Amino acid sequence: MADNLEGERDFYRQQYSELGMRLLRLQEDETRARREARRSRTTTRLIRDIYQLADSNISLEDIGQQFLQIILETLVVSRAALLQYVPAQQRFVARQTLGFPTAGQPDFVPPELPPEYYFANSNSASSALLDCLRQAAGAPYFLWAFNARAGLALLAANLVEDQHLHRPFEANDQEIIESALGVFIDISERKRAEEALQRVNEELESRVATRTAELTAANEQLQNELAERRRVEEALRQSEERFREVITSISDHIYMTEITGDGRHRNLYLSPHVEFLTGYPYDKFLADWSFWPLQVIHPDDRLAASAQARRQAGWQNSEMEYRLVRANGEVIWVRDSGRVQWDGSRPSKMVYGVVSDITERKRVEEELARTRDQALEANRLKSQLLASVSHDLRTPLNAILGYVEMLQQGVYGALALEQLHTLARIMINAEQLLIFVNNLLDQAQIEAARVAINVGPVAPADLLDTLHSTMNVLAEAKDLRLTSSIAAGVPKEIYSDRHWLGRILVNLVSNALKFTEKGGVDVYIYSPDPASWAIRVTDTGCGIPDDASAYIFDAFRQVDSSLTRAHSGSGLGLSIVKQLVDLMGGQIALTSQVGTGSAFTVTFPLNAVQEALG
Amino acid sequence: MKKSCALIIEDDFDLASIFAGALRLAEYEVEILQDGRLALERLAAIVPDVVVLDLHLPHISGKDVLHHIRADRRLADTRVMLATADPLLADSLREEADLVLIKPISFTQMRDLAARLRPRDVFSR
């Protein structure tokens with residue numbers, strides 16, 4: 001834009017100087033004309049000579065030639081003519097010409113005009129007369145002198161001067177102007193030049209004004225742009241400052257590494273935090289990329305770290321944890337995550353990465369792992385203990401029960417009534433203890449998710465036999481009825497887990513017996529539809545309120561704490577039944593009426609294997 | 001009527017005593033052995049009607065004793081009741097045994113089952 005401006009300025013400067021030169025020339029001409037005007041006084045004298053010439057008797061032709069010659073030289077004109085008015089013809093005739101193409105043979109024909117044009121008002125430069133003379137002289141401007149009385153006129157044409165000359169008219173007594181001298185100068189060119197100059201000036205001014213306005217606008221825009229740029233630069237600077245503050249204030253070390261086409265690494269940026277992280281001076285890292293992998297990374301982790309660098313060179317983002325050895329020998333853990341990017345303009349790639357100190361996290365993790373190992377070991381010991389407790393509690397209890405039965409059955413002879421009664425109490429308590437111990441162990445097993453379902457053929461009749469062998473004594477002790485029956489259509493053998501079915505039955509029946517004071521408990525095995533079989537345990541006990549059915553299967557819960565005291569129990573039985581039924585793919589349902597009794601129904605699918613066995 | 005003969009091979013003293021009590025009540029003459037090797041020696045000499053066999057035994061396992069009984073034609077009529085706490089092992093031997101009982105086994109259970117095994121012997125003879 002500045003170049004354009006300069007060019008334009010040059011253009012105007014040149015134009016202006018050309019016009020100036022022209023003006024100067026015109027002014028010089030004018031000055032010369034003035035000078036000539038002064039000289040024209042001489043002309044005046046010459047005109048007087050004409051008068052004298054006209055008055056004298058000397059032949060015009062004789063002196064005309066000489067006279068005109070003097071005029072040409074004195075006035076510095078190219079052509080001159082001496083005209084004489086011929087009254088008989090009422091027109092001018094050329095008496096003598098000089099400078100016209102054919103000298104001596106005048107082709108100069110003065111215009112034919114009525115005499116009044118010449119004489120009526122001979123002092124006036126009437127435009128008609130002047131036009132005629134101009135035409136007659138064949139020149140746009142000329143000098144003329146006229147003596148009306150003598151009828152002589154002098155024309156001097158092709159003056160180069162453009163100064164208008166005139167001599168005051170000389171009037172005689174009759175107020176008839178006898179002589180006049182005028183020089184008509186065509187200044188149209190000067191006018192045109194002046195006008196052109198004026199126009200050019202005006203145009204120049206207008207264009208300068210336009211350009212100035214444009215320049216002002218451009219300048220303003222430039223100023224705005226400059227201000228905008230300053231604003232953006234300031235915003236950028238502030239943003240960078242904020243960014244720097246953020247980077248400096250976070251405790252992670254941030255780096256920007258360039259990987260060149262030939263696989264070399266070069267650090268382009270490192271946050272100052274690298275000093276705090278490692279204890280080494282900042283410059284060491286910036287100057288030499290390999291200082292980090294070769295000096296700071298723990299010797300045992302260098303191999304893995306170099307593999308990471310290779311992965312990054314192969315366009316893979318990476319995240320790894322390794323140890324650093326600080327300048328003071330302290331070992332810390334860091335996590336180094338690098339993202340590989342290519343800006344598209346260079347053959348090299350960039351890695352933007354963050355290195356965080358994770359020493360504390362590692363310590364917590366190690367502690368957690370240790371705690372977890374301890375917990376696992378404790379759990380293993382608990383399971384072991386549970387297994388041995390299971391054996392150690394059940395075996396003697398079973399022996400006690402066996403011996404009591406032996407005595408009851410009279411293996412060692414008949415017993416007294418009191419002895420039998422006492423044995424029955426021992427039996428009942430031992431039986432309850434056994435159920436309780438079994439439930440505790442089952443619950444522990446369920447909680448540890450260690451329940452193994454071993455599916456095999458199970459005869460429902462055997463299940464009931466086993467049930468009676470343990471439960472009869474409890475029923476008899478409370479003087480309750482305990483019956484069982486199998487509906488027609490139930491397969492002789494069902495495919496299921498015998499052990500857990502036994503536990504389900506014992507729990508349902510012992511629970512029913514516990515809450516029943518009169519009447520009894522009935523166990524019924526049936527097949528509700530061809531695809532399933534079910535066990536229903538019905539009692540004539542106190543019943544279970546509706547709102548309790550929601551939590552009756554929760555572990556350690558009993559409906560009424562007052563009842564719990566009266567009926568003593570762990571509250572585990574039904575919970576275990578529910579969990580076992582779920583594990584075995586069955587469903588449990590409860591129907592109950594308070595004061596009348598309850599019925600628990602457990603339903604299991606009759607699976608394909610069992611059907612195949614028939 | 002000649003009493004049936006039962007051999008109890010069980011290393012747990014209490015269980016052996018209780019089983020013996022139950023079998024006696026079911027009219028068996030009972031002999032108890034607590035060791036697999038002794039059991040095999042004794043079986044070479046007698047032909048029991050019923051053997052109550054524990055699987056975890058010192059020296060020779062109950063499983064081996066069972067295989068031996070089944071391989072001996074002399075003992076073809078001997079009924080074997082397995083008594084074990086291990087249901088998986090019991091399942092694997094279900095074909096060879098006449099009855100499989102999963103511990104705990106109550107006194108009355110043993111008595112009733114032993115009594116159930118006896119009549120067939122009586123009638124089949």
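**Close-up views of a sheet and a helix pair in chain A**

**Figure 1. The five-stranded sheet of chain A.** In this predicted model, five strands of chain A form an open sheet in the order β13-β15-β16-β18-β17, and their pairing is mixed. The edges are occupied by β13 (481-486) and β17 (587-593) of chain A, each of which pairs on one side only. On average, and with direction ignored, neighbouring strands of this sheet are turned by 15 degrees against each other. In general, the strands of a sheet pair through backbone hydrogen bonds, in either a parallel or an antiparallel manner.

**Figure 2. The hairpin of β17(A) and β18(A).** The edge strand β17(A) pairs with strand β18 (residues 597-605) of chain A in the antiparallel sense, over seven bridges. Three residues separate the two strands of this hairpin. In the turn, A:Gly595 has a positive phi of about 90 degrees. A:Gln593 stands opposite A:Gly597 of β18(A), and A:Ser592 has A:Ser598 of β18(A) as its bridge partner.

**Figure 3. Strand β18(A) and its pairing with β16(A).** Strand β16 (residues 532-539) of chain A pairs with β18(A) in the antiparallel sense, over seven bridges. Within this view, A:Ile535 has A:Val602 of β18(A) as its bridge partner. Strand β18(A) is mostly covered, with seven of its nine residues buried. In the strand order of the sheet, β18 stands between β16 and β17.

**Figure 4. Helix α12(A) on the sheet.** Helix α12(A) lies across β13 and β15 (520-529) of chain A. The helix runs at about 175 degrees to β13(A), which is an edge strand of the sheet.

**Figure 5. The packing of helices α12(A) and α13(A).** Helix α12 (residues 460-477) and helix α13 (residues 498-514) of chain A have axes that come within 10 Å and cross at roughly 30 degrees. Because angles under 35 degrees count as roughly parallel, α12(A) and α13(A) are therefore roughly parallel to each other. Their crossing is right-handed. On the side of α12(A), the contact is made by A:Asp462, A:Leu463, A:Thr466, A:Leu467, A:Thr470, A:Met471, A:Leu474 and A:Ala475. From α13(A), the contact residues are A:Arg498, A:Leu501, A:Gly502, A:Leu505, A:Val506, A:Val509, A:Ser510 and A:Leu513. The residues of this contact comprise 10 nonpolar, four polar and two charged ones.

Notes. Residues numbered from 1 in each chain as written. Chains lettered and ligands numbered in written order. Predicted model: local features only at pLDDT ≥ 70, side-chain atom pairs only at ≥ 80, totals over all residues. Heavy atoms only, no water. Axes fitted to C-alpha atoms, helices over the stretch in contact; angles between N-to-C directions. Helix = DSSP H or I, 4+ residues; strand = E, 2+ residues; numbered from the N terminus. Parallel < 35°, antiparallel > 145°, perpendicular 65-115°, else oblique. Left-handed = near helix turned anticlockwise from the far one by under 90°. Contact = heavy atoms within 4.5 Å. Nonpolar A, V, L, I, M, F, W, Y, C, P; charged D, E, K, R; others polar. Pairing = 2+ DSSP bridges. Buried < 20%, exposed > 50% of the residue type's maximum accessible area, 1.4 Å probe, protein only.
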